[in-house]
Amino acid sequence: MKELDYGKMGMRIRQVRKAKGWSQEMLAKKCGISMSFLGHIERGTRIMSLETFVSLCGALEAGADELLWGTVLPSEAVLDMWGAGKPAGKAPAGKQADSYSMYVKIMKSVAEIMNEA
């Protein structure tokens, strides 16, 4: 498993906060933490609790993967484009079936690699 880089994670939190046009004070209030602590989180000098991390994700409307690793996982809406509204996991019919099948294989391979690291 990859090791967390708290400095990079803090930088991503800061980037998302600034993209929303929020001050540290605004985000800290939304999460129920001090502005000083948020500053430490953004600099990667303090480690937050899971509860605080969840609060930050919710306030920023950001996924955990986005803040932890800098990757955004596809939403159901993106997956639905393969199946035109069909439930996730059900392969679409027609020309898109081969692409969908390849996508699923790639994602399974990536998950295996991540588990080995």
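**Core and salt bridges: a short walk through the model**

The largest nonpolar core here has 20 residues, and those with the most contacts inside it are I13, L27, M48, L56, L60 and L67. Five elements give two or more residues to this core, namely helix 1 (6-19), helix 2 (24-31), helix 3 (35-43), helix 4 (50-60) and helix 5 (64-69). Of these, helix 4 gives the most, with 5 residues. I should say at this point that what we are looking at is a predicted model. As general background, nonpolar side chains in soluble globular proteins tend to be buried together.

Let me take one core residue as an example. Which residues does L67 touch, if we leave out those up to four places away in sequence? The contacts of L67 are with M9, R12, I13, V16, F53, C57, L60 and A62, and two of these, I13 and L60, are also listed among the core residues with the most contacts.

Now to the charged side chains. The structure holds 4 salt bridges, and I will go through some of them.

In one of them, the side chains of E42 and R17 meet at 2.6 Å, N to O. Because E42 lies in helix 3 and R17 in helix 1, this pair ties together parts that are 25 residues apart in sequence. Are these two partners buried or exposed? E42 is buried, its relative accessible area being 1%, and R17 also counts as buried, at 6% relative accessibility.

Another salt bridge is formed by the side chains of E61 and K20, at 3.4 Å, N to O. Here E61 sits in the loop between helix 4 and helix 5, while K20 sits in the loop between helix 1 and helix 2, so the pair ties together parts that are 41 residues apart in sequence. As for their surroundings, E61 is exposed, with a relative accessible area of 68%, whereas K20 is partly exposed, with a value of 32%.

There is also a salt bridge within a helix, where the side chains of K29 and E25 meet at 3.6 Å, N to O. Both residues lie in helix 2, 4 residues apart, which is about one turn of the helix. K29 is exposed, with a relative accessible area of 62%, and E25 counts as partly exposed, at 42% relative accessibility.

Finally, coming back to the buried pair, salt bridges that share partners join R14, R17 and E42 into one network.

Methods: Residues are numbered from 1 along each chain as its sequence is written. This is a predicted model: local features need pLDDT of at least 70, side-chain atom pairs count only at pLDDT 80 or more; totals for chains, interfaces and linings use all residues. Side-chain values use heavy atoms; hydrogens and water are left out. A nonpolar core is a set of buried Ala, Val, Leu, Ile, Met, Phe, Trp, Tyr and Cys residues joined through side-chain atoms within 4.5 Å. Buried means under 20% relative accessible area, exposed over 50%, partly exposed in between (1.4 Å probe, protein chains only). Contact means heavy atoms within 4.5 Å.
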